[in-house]
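Trainee: Before we begin, could we go through this model together, with a reason given for each answer?

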Amino acid sequence: MAAATALAERARPLASPNPGAGALIVRNGRVIGRGWTMPGGRPHAEAAALDAAGDAATGATLYVTLEPCAHQSTRGPACADLVSKASLARVVIGMRDPDARTAGKGIARLESAGIAVTVLDLDAATLGLSAHACALEHGRPHVTLKLAMSLDGCIATSSGESQWITGEIARAHTHRERARADAILVGGGTLRADNPSLNVRLPGLEARSPRRIALTSGDAPHGWQAIRSPAEIANLKGVRYLMVEGGAQTASAFLAAKLVDRLIIYRAPVLLGGGTPAIKEIGHDTLDAAFADGLVLKSRRQLGSDTLEVYQRG
């Protein structure tokens, strides 16, 4: 399943607004087919893996991150039907699909075809399906808040200087994160002060630059879309993965609104003392209120001289 999840990463964000799934077909301990959701959402991962395996799929095991869909589409048949017709012996599913059009129907269809089904019930984040679950549960994009700060939690010096707190490797990683997002958002203050390009500047990934969104009460310039409040992200058409980059006012607004699902912090080995804090008031009057946010450290790694910490809402 970990290998299928790694394949699903290739679908992000090109499969959006469809969920990016990954699939592997294994026979006698050997991978005979692999697939991931194609750009625009079709073919699905299972269809691609079955096509690669051909007739050898008979009696094999399919590992797929998301329950095979059970609904018909003008762009292709239901994956539960394709898998059933392929006469697989077993299907291992990472998580049930919360989409009401499938939601257990895919599993039932496989079992009625005599296929043994194992559901691992892993969490959506582990399988790279956070945005799919978030859209269906909350009706909005999955939000990643990115902060680049000093050891003492500042994003700029007392004079306002902020470029560059982190080093080249950390900045390259930020561009990788941008390439995985459908849209990227900054506040009106950052837009007016810096006029940021917010593009992807990694060789070969320039075309993956996300849509640009500004949280502002004013008008957005050409090439930008304006929203007036964090809650309006629910109205962003075609956006499943949203990255919020700054500044402190915007970061605080999203945190106060409980709209941050994932927090990534690039921490530079420098003390600024008296600089601009990364976070302003977010409504935490007590420690209990702060801990109620439920942020869980998922990973920590070194990026050159900087440290990357990834937190996820529990």
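Trainee: Which residue forms a salt bridge with E309, and how far apart are the closest N and O atoms?

Mentor: Keep in mind that this is a predicted model. The pair links distant parts of the chain, since E309 sits in strand β15 (residues 306-313) and its partner in strand β12 (residues 262-267), 42 residues apart. The salt bridge joins E309 to R267, with the closest N and O atoms at 3.0 Å.

Trainee: Is E309 buried or exposed?

Mentor: The limit that matters here is that buried means under 20% relative accessible area. E309 has a relative accessibility of 7%, and therefore it counts as buried.

Trainee: How do D99 and R101 compare in exposure, buried or partly exposed?

Mentor: These two residues form a salt bridge in which the closest N and O atoms are 2.8 Å apart. D99 has 11% relative accessibility, so it counts as buried. For R101 the relative accessible area is 48%, which means that R101 is partly exposed.

Trainee: Which residues are joined into one network by salt bridges that share partners?

Mentor: One of the pairs to consider is R180 with E177, whose closest N and O atoms lie 3.4 Å apart, and another is E9 with R176, whose side chains meet at 3.9 Å, N to O. Within the first pair, E177 is buried at a relative accessible area of 2%, and R180 counts as buried at 11% relative accessibility. Salt bridges with shared partners join these residues and one further name into a single network, namely E9, R176, E177, R180 and R262.

Trainee: Which three residues supply 51% of the area that domain 1 buries against domain 2?

Mentor: The domain assignment places domain 1 at 1-131 and domain 2 at 141-313, and the C-alpha centres of the two domains are 33 Å apart. Their contact takes 12 residues from domain 1 and 11 residues from domain 2, and between them the domains bury about 1200 Å², of which 45% is on carbon and sulfur atoms. On the domain 1 side, the three residues that supply more of the buried area than any other three are R12, P13 and A131.

Trainee: Which residues does S150 touch, leaving aside those up to four places away in sequence?

Mentor: S150 is found in the loop between β6 (142-149) and β7 (154-156), and because its relative accessibility is 0%, S150 counts as buried. With residues up to four places away in sequence not counted, S150 touches I165, R267, A268, V270 and L272.

Key. Residues numbered from 1 in each chain as written. Predicted model: local features only at pLDDT ≥ 70, side-chain atom pairs only at ≥ 80, totals over all residues. Heavy atoms only, no water. Domains from an automatic or database assignment. Contact = heavy atoms within 4.5 Å. Buried area = accessible area lost by both parts, 1.4 Å probe. Salt bridge = Lys/Arg side-chain N within 4 Å of Asp/Glu carboxyl O. Helix = DSSP H or I, 4+ residues; strand = E, 2+ residues; numbered from the N terminus. Buried < 20%, exposed > 50% of the residue type's maximum accessible area, 1.4 Å probe, protein only.
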